[in-house]
Every structure is written in structure tokens, then in C-alpha cells.
Amino acid sequence: MAQQPPPVPPPLALVDAAKSFGSVKALQGVSLTLRAGEIHALCGENGAGKSTLVKMIAGVHQPDEGRIEVDGEPAVFARPADAQRAGVAVIYQEPTLFPDLSVAENIFMGRQPLARGRRIDKAAMHAASDALFARLGVRIDPARPAKGLSIADQQLIEIAKALSLQARVLVMDEPTAALSGVEVERLFTVARSLRDSGSAILFISHRFDEVFSLCDRVTVMRDGRYISTDPIGELTVDAVVRKMVGRDIAALFPKQDTEPGDTVLEVRGLTRAGVFSDVDLTVRAGEIVALAGLVGAGRSEVMRAVFGVDRYDSGTVSVNGRALPKASPAAAMAAGVALVPEDRRQQGLVMELSVERNATLTRRWPLSRFGLLRSSAEEGTAREWAERLQVKAGRLTDAVSTLSGGNQQKVVLAKWLATGPKVLIVDEPTRGIDVGTKSEVHRLLSELAGQGLAVVMVSSELPEVLGMADRVLVMHEGRISAELSRDEATEESVMYAATGQRGEAA
Amino acid sequence: MAPESTSPLRRLLATREASVVGALIVTVIAASFWIEGFATGRNTGFLILDIAAIALIALPMTLIVITGEIDLSVASTLGLTSAVMGQLWVMGLPLETIVPLCVVLGAVLGAVNGLLVTVAGLPSLAVTIGTMALYRGLAYVVLGDRAVADFPFSWTGGATARIGETQIPWVVLLVIGLAVVFGVVLHATPVGRALYAIGNNDEAARFSGISVRMTKLWLFVASGAVSAVAGVFWTLQYSSARADNAAGLELSVVAAVLLGGVSIFGGSGALAGVIGGVLLLGTIRNALQLADVSSDTLSIVTGLLLVISVVAPNVVTRLKERRRATAPPPDRAAADSSPSSSPTVPAPSKR
């Protein structure tokens, strides 16, 4: 790709890097060269491996294969301090400052200038902070506490800290996600001036307008693999989207066609201030409705409110025409709603308890007689569902934490299917599970819909959405931005709606 | 896989409850040998009366600690109940009315704790340290430094009466009855299953439709009511209503619960173990008292047992982990923490 080698060795490069977590290959053969005086964009869907890559550059993860090069020389980042010493600084979406310390103390944490008697020289520290902010062209009082500063200002403090550490490589991981328009412009001004003074910047964003207005080159990743690197001038939004999603979806299990029945779940005008607003959603028996969108669009939050684990401010949720009370998972369960949550380990299962206890946790009352649990009934139910879903477990009395991720997910499905639900909400049903179990889960969902269950599937994986769903609702920043029929839903149309770019194609 | 450790009997013997019972047996045998007057019917009767209040309060405490909370106000609830009982008696109410009122009062005091923990969302450790001081203070407001001691003998004698010709006080039946109730609730009802789920991961419990707040609220109410029952018993047993009754008893209760194998972090433990813990603690204290050991030393022993019962499981897990780390095949994760108080042995799995 690189025809003419740059005269100066790049301050940071990743060569053929690979990283696995257990059996999951998070990154494979990824190369990335960050040049001085250049802003480099990194694009990819959720789960494409961007975060893993950032953590590798930051010294949090070490590559299993391949290497990191600093100024053309191989380097090992065994810990974040090594990366920092090499001049790498990472600005995260949510900065982590010490809220009760002053701005200047946050910048010089652990490196405070000392006066006589080993006392901290506040005057020198404040002067140095002022100088840093002057370089960035912003005004923040170094003496004020970090608490109460906007996210944008907090990011600037992180950048000032990076400058004070002589950082030459600045990684910005979705820095604009929580910023307003003016704040984004200010951040861009800072980024451009840093580039012009010779820094290398890696910029990660889901917003194509930002990528195109700020960046010089774009690298696209997909499924943990490197796809391409091109100068921005040779790309269009369409081309980037195609590179991000271009994938063979025929391999996935397609949903059987079913005749949708009556409306089962109806959500009207559901709103929670600052999280999601005015969400309408209708799911009929036998139908799989996918809720697509980027991470943070508010999809899981809506589903949690529907199930009653979270509150909402206004709107209604009804099942078979009967309104559900707010914030009562027990009432939702009684009405036939089941939620397979996003975070299997924290929300779906009690990891320390046995497979049997987990599988019957939702069935405690029906399995008891005169208030007493019959252990034979508990064991029978657990055994029945473990067999139906082919859970691979040594003993049903083994702690569920000893199972593989895919089998754990089956236990979560078992505990909810055992309740005989009318509405099944699954949130990222196949995240982090192996390919074999994944297609089993898809086949199961398809069968359940065939039996007349109303299924809502939150998924960040486009092939899953397109392969499984009868209808696709796309959320963008807390609102439903598009409703697409099975025929209308394509990788491009979903991606556009998810990034709030509706209609810009064509 | 450690091959032999899977036989049901071995698994039963490896539980914390079994080691508590083992320690109890060793203590009883040793005390019978070396301490004069220990192995007598008379002393057994005294021992039981001595630990009755601890045993009663330890029952709801077990459930509370299993959900990951704690109630340190129990001894103060006992003291306030005792003071109110004395004051109402002085005012001329009959005991038939006073006793139920006291139990209701205890439930209300427990509900205050419960509401502060569940509705206000405060940590129970902080809440009940506060109410521990508050309730004890109120007890002094009610009764001051006075002691009310003129309860009728038909009641006070009844509190310490023995069953038939034996030396065993009837209060044993109350303790056993309540222990069965709490044991069944914990180990054989939907509520009990919920308690373990909450203690291990209250978020997953909520996502399973368990009402975490209501459950905890009722546990604190039960704790208050049972502490009040213990307060009534205490007052009649010593024929003395005082504001400082049972001061510091909460530490003995917590020590007994932890000694019995309930995890201070919540999520594991069994009621049988706690009964063992109460008996072990009571036996050790009783034996030392007979051996003329000073009360300061007794306090040191209680404190040491408390620390050991918290530290020991951690040390054991560390050692196990280290052994597993050095052994070639890393097999099953730590022995499951599921309760197994009932002697029913899990049926051997087919596969």
C-alpha cells in the first residue's frame, strides 16, 4: 500500500497485530501507521476491534502476535506506563479525573512541581497549567475543582495533561459522543493545531461528517480484521459504510417466514429524560422485531424500562392490550414478558449459584406447593430445559460460572423460556459466544417466533439483524430514527439511520 | 479433577457446617475432661439460658447477612424493648398486653432500619450503627437508670422453668421452633432462593423479577420483632427491666453467625451452621467462665473468634487457589457455595 516510505519513521505503528481473548479472536493481522502531523481516522462497527486496538496502543493489552513500533524501532508496551513513556496518550470518551482535586492538580498528578521543603509549588503548577491551556487556545481556571466541569472541558484537561507529558501520539476514542456542536468545533480546532505542531492523532468516531471534516487518512476495520487505509480525498461516506459492513450474510441462519398474529407488545411514547424519548414500538405474535443502532443509542435502556427494571417518565407499555405498571419486573413477568439482558454475567445470571438455581430462579413460586419448594420439581425443570437447549454442563449443581459463555447464555434463555413468555426480549443474544452456539440461538429464536412468540431483538450485529428480523427499528441518540421492513432493511440503510445520516445516500 | 472428592459423604464433610459441628464436639469433649462442673445437667441448663437470646437473634441475622446486609441495632432493640416493658408494667398494664405491644414495637424499630436501607438506599452498616446508638439512647429516655424488677414470679419463673424433670429450660422449644421456621424459609421456599440470589448479585436478582427492596425490608422487620421477643425473654429471665440490658450483645450474635459459616459478603451460608456457631461460642464462653477466666479475657476470645471466622475462609480459598494454580489441570472453579444444610444428599447425576 505504502508506495513511498515516509522520510521520517512514524512515531507509532502497529504491525500485523493479533489478540485473542480465550477462543474469541478480537484482532487479527491489523496494521496501522500513525504519522506525525496527521489525523488518522479509525472506523468500524461495534465489535470490529477498535477498542482492543486502542487498548493495545495504550499498553493495557499486549499483542499475541505482531509488534508495536515506536519511531521505526520495535517496542514492548507491557503496561500503560510504558506507552506513556513512549509518548502515547489516550483521551477516552468519559474522562476519569479526580473530581475533588483542582484542574492543575489533575494535570500534574504524581508529578507536581515542588518548592522548598518538598511542598507542592502551587504557583508554578498553576502557571504551567495556564501555559498549556494557552497552547490549546482555551481558558480554564487551573485552581477550580474538576467537579462540575463539562465533559468537553474535562477532555481538554486530559489533552493538557498529555501535552505536559510530551505526548506525540494522541488517541481520541469517540471523544465527540457526549459533546455539543460548539464543543466539537473547539475540540477540532485544538486537534488541528496539535497536528500542525507535529503530533500524530488517532481519531475514532461513528460520525462520518466529523471523520470527513477532520481527518487526513481513514483506516477501516471489520470483525477484528484490517480492511483498508485510504487518504480521505479518495473516499466517500458510501464507500466507508460499504467497507465497514461488507460481509457475507448468507451464512447466517435465516428466519422462517411466519404469518404475524395479533399485536402482543405495544409501547407508546415511552420517554425517560436524557436517555430516550417518544419511543413507539409494536410487536405482533410470531414476529421478530430487531432494534438496531449504535452502542449508546438507548436501545437497552428502552428494553429495561419496558421490562420494569428501570423507570420511565412518560408513555405506556401494554401487553395484549393491558397496561403494565411502571417499574415492576414482577408485573411484567406475570403479563408474560421475559428479558434476556445485555450483560449476562452481571444481570442475566447469579454466577456463584448452580445451573439449577439459576434456571429455576424465575420459577420459584410456580414450582412450590403451600409455599414450599419441591426439590424434585426444581431439579426436573432445570433438567428438562437444560436438555431442550442442550446446555453442556457437568452437573446441574455446578456453579454456572464454570460453564462456557455460550452455555451460560443458554441457561439465561432457559430461565426465561421456562416462564412460558408471550413476549421475549433478547438484548445482544449472541454477544461473545462461539459461532456454533450462535446459530443454535438463531434457530431457537426463529422456532419460538414460529410458535407464536413475539420477539424483540436488540442487536449491534448487522448480519444478525438482517438475517433474523421481520422488521427493523433503528435508534439514534434516544429516538427511533427509522422503521424498515424486511425488504427495505439493508446494511447501508440501517447504518445510515443508526448514524443519523438518513437520506444522504442516493 | 481431584478424583475422590466428589463422593456425597466427602462433600458433606467438607462443608463449613461440618467443620463447625466438629469443632463443637471437640470443645465439648475437651471441656468435659478438664473443667470441673461442665458436664452436668445443671450447667447445661445454664448454658442454654445463657445463649437463648443470642440464638434467637442469630436466626433473622443469618438471613440478613446472607442478603449482604447487617443489623447491628439488635441489642439496642432488645434494650429498648426491655425498658418499655418495665415502664408499661410500672404504669400498671397487664403483661398479657405488654408482651404483644413489645413485639410490635420491635417490628416497628426493625421497619425503621429497613426503610432507611431500602427507600433511602443507605448502607445497612451505617444505618444500624446509627440506630444502635439511637435505640439505646431512647431506652435511657424511657427508663433512665432505674431497674424494674417486680415482675410476678409466675412470669419470671416461667421464663427459666425446666421441661418436666429435666434440667432443660422450656425456652429451648421456642428456639427450636423459630429455628425450624427460619431454616425452612431459608432453605425450602421461594423467598429463601431469592435471598441467596440477592446476596450474590442483587442486580441479577432484580432482573429475575425479585423485589429486592421488599425482601430486605421484611427481613429487618423480622429482625426487630425477634429481638423484641428476645428482649421480653431477657427481662423475665433476669427479672430486671433495664435500659442497658444486653449491651454489646450484637457482637456475639454477629460472631456466632460468621463462625457458623455465613459469608460476611453475603450469598452463602446455612442455618444449621449458625446453630452450630451459637453453640460453639456459648460452650467456649461457658467453659472459660467455669474455669474462672476473667470477663476481659472472654471478650478477647469472642473478638478473636469473630476475626478468625472472617479471615479463615479467605485464607482457605487463597490456599486452594494457589494449589490449583500450581497443579496442572485447572478443573472446577471453587467449590460451589450453594447451601446444603439439609441432610438430603444431591442425587448422583446420570452423566
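**A walk through chains A and B**

Let me begin with residues 46-66 of chain B, a span that is 100% helix and 0% strand, with its end C-alpha atoms 30 Å apart. I should say at once that this is a predicted model, and that what I describe today was computed from it. A second span of chain B, residues 298-316, is likewise given as 100% helix and 0% strand, and there the end C-alpha atoms lie 26 Å apart. Both spans appear in the UniProt record, an unreviewed entry, which places the feature "transmembrane region" at several stretches of chain B, including 46-66 and 298-316.

Looking at chain B as a whole, you will find 14 helices and zero strands. Chain B has 351 residues, and 47% of them count as buried. If we take the contacts in chain B between residues at least 6 apart in sequence, 77% of these join residues at least 24 apart.

Let me turn to the aromatic rings, where a pair of rings is described by the distance of the centres and the angle of the planes. Over all chains, the structure holds four aromatic pairs. One of them joins Trp89(B) and Phe151(B), whose ring centres are 5.8 Å apart and whose planes stand at 35 degrees, so this pair is tilted. Which parts of chain B does this pair tie together? Trp89(B) belongs to helix H4 (residues 74-90), while Phe151(B) sits in the loop between helix H6 (124-143) and helix H7 (153-160), so the pair links parts that are 62 residues apart in sequence. Trp89(B), at 22% relative accessibility, counts as partly exposed, whereas Phe151(B), with a relative accessible area of 6%, is buried.

Another tilted pair is formed by Trp234(B) and Tyr238(B), with 5.2 Å from centre to centre and 55 degrees between the planes. Are these two residues buried or partly exposed? Trp234(B) is buried, with a relative accessible area of 14%, and Tyr238(B) is partly exposed, with a relative accessible area of 41%.

Just after Tyr238(B) comes Ser239(B), which has a positive phi of about 50 degrees although it is not a glycine. This deserves a remark because most residues other than glycine have a negative phi. Ser239(B) lies in the loop between helix H11 (212-237) and helix H12 (249-259) of chain B, and its relative accessible area of 21% makes it partly exposed.

Chain A has a residue of this kind too, namely Asn320(A), whose phi is positive and near 50 degrees. Asn320(A) is found in the loop between strand S14 (314-319) and strand S15 (322-323) of chain A, and at 44% relative accessibility it counts as partly exposed.

Charges over rings occur in both chains. In chain B, the charged end of Arg162(B) sits over the ring of Phe46(B), 6.0 Å from its centre. In chain A, Arg388(A) lies over the face of Trp385(A), at 4.2 Å from the ring centre.

I will finish with the domains of chain A, for which the assignment gives domain 1 (12-97 + 149-246), domain 2 (247-336 + 421-505) and domain 3 (352-419). The centres of domain 1 and domain 2 of chain A, taken over C-alpha atoms, are separated by 31 Å, and the contact between them takes 15 residues from domain 1 and 14 residues from domain 2. How much area is buried between these two domains of chain A? The figure is about 1300 Å², of which carbon and sulfur atoms give 54%.

Terms used: Residues numbered from 1 in each chain as written. Chains lettered and ligands numbered in written order. Predicted model: local features only at pLDDT ≥ 70, side-chain atom pairs only at ≥ 80, totals over all residues. Heavy atoms only, no water. Phe/Tyr/Trp six-rings, centres within 6.5 Å; stacked < 30°, edge-to-face > 60°. Helix = DSSP H or I, 4+ residues; strand = E, 2+ residues; numbered from the N terminus. Buried < 20%, exposed > 50% of the residue type's maximum accessible area, 1.4 Å probe, protein only. Lys NZ or Arg CZ within 6 Å of the ring centre and 35° of its normal. UniProt positions renumbered as here; feature names shortened; annotations may be inferred. Domains from an automatic or database assignment. Contact = heavy atoms within 4.5 Å. Buried area = accessible area lost by both parts, 1.4 Å probe.
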